[in-house]
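Hi everyone, thanks for coming. Please have a look at the chain on the screen, and I'll walk you through a few parts of it.

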Amino acid sequence: MDYDCITVERSGPTTTVTMNLPDRRNALGLRHLEELLDAFTVAAATDATGIVLAGAGPVFSAGHDLGEMAGQDEAGVRRMLDTCTALMAAMRGAPQVVLARVHGLATAAGCQLVANADLAVAGASAGFAVPGGKG
């Protein structure tokens, strides 16, 4: 799969998956979730000993892309949420240690990403908020 929303880099025994939509605050739209799911599935099948999840730009992740969700019918929203659920399961099921490297804000589904990692390292700028939107 070609990636538009993330970058993946292997350095020694570690694979780093970086959410790379800084202008969207790494919001999790369907394409972004599909790419993350693919990257974790591929990395889990390698001999890497660790997978790091990071975010480019000012925040780790603003959570689900509510703008994208607003334009979806029920089936579209379900597809996005089902893909998110599959991503969380893939993170938990990876045989490698999964580390979330958090800076800035992690909101709603961004917090879910952190919670599904085995370990989290939070910088001084990190903040966590649940729920997202105006919930």
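We'll go from the strands to the core, and then to one asparagine. Keep in mind that this is a predicted model.

Let's begin with strand S1, residues 6–11, and its partner S2. These two pair in the antiparallel sense over 6 bridges, and Thr 7 stands opposite Thr 18 in S2. Together S1 and S2 form a hairpin with 2 residues between them. In that turn, Gly 12 has a positive phi of about 60 degrees.

Now, in which sense do S2 and S3 pair, parallel or antiparallel? This pairing is parallel, over 6 bridges, and Val 17 has Leu 53 in S3 as its bridge partner. Add helix H1, and S2, H1 and S3 make a right-handed β-α-β unit.

S2 is also mostly covered, with 5 of its 6 residues buried. That leads us to the core. The largest nonpolar core has 32 residues, and Val 17 and Leu 53 are among those with the most contacts inside it, as are Phe 40 and Met 91. Several elements each supply at least two residues of this core, including S2, H1, S3 and helix H3. As a general point, nonpolar side chains tend to be buried together in soluble globular proteins.

Last stop: is Asn 116 in helix H4 buried or exposed? Asn 116 counts as buried because its relative accessible area is 13%, and the cut-off is under 20%. A polar atom of its side chain lies 2.8 Å from the backbone oxygen of Gln 112. Leaving aside neighbours within four places in sequence, Asn 116 is in contact with Met 88, Met 91 and Arg 92. And Met 91, remember, was on our core list.

How values were computed
Residues are numbered from 1 along each chain as its sequence is written. This is a predicted model: local features need pLDDT of at least 70, side-chain atom pairs count only at pLDDT 80 or more; totals for chains, interfaces and linings use all residues. Side-chain values use heavy atoms; hydrogens and water are left out. A nonpolar core is a set of buried Ala, Val, Leu, Ile, Met, Phe, Trp, Tyr and Cys residues joined through side-chain atoms within 4.5 Å. Buried means under 20% relative accessible area, exposed over 50%, partly exposed in between (1.4 Å probe, protein chains only). Helices (H or I, at least four residues) and strands (E, at least two) are DSSP runs, numbered from the N terminus. Two strands pair if DSSP finds at least two bridges between them. A crossover is right-handed if, with the strands pointing away from the viewer, the path from the first strand over the helix to the second runs clockwise. A polar contact is a pair of N or O atoms within 3.5 Å; within protein, one must be able to donate a hydrogen and the other to accept it, and residues adjacent in sequence count only if both atoms are side-chain atoms. Contact means heavy atoms within 4.5 Å.
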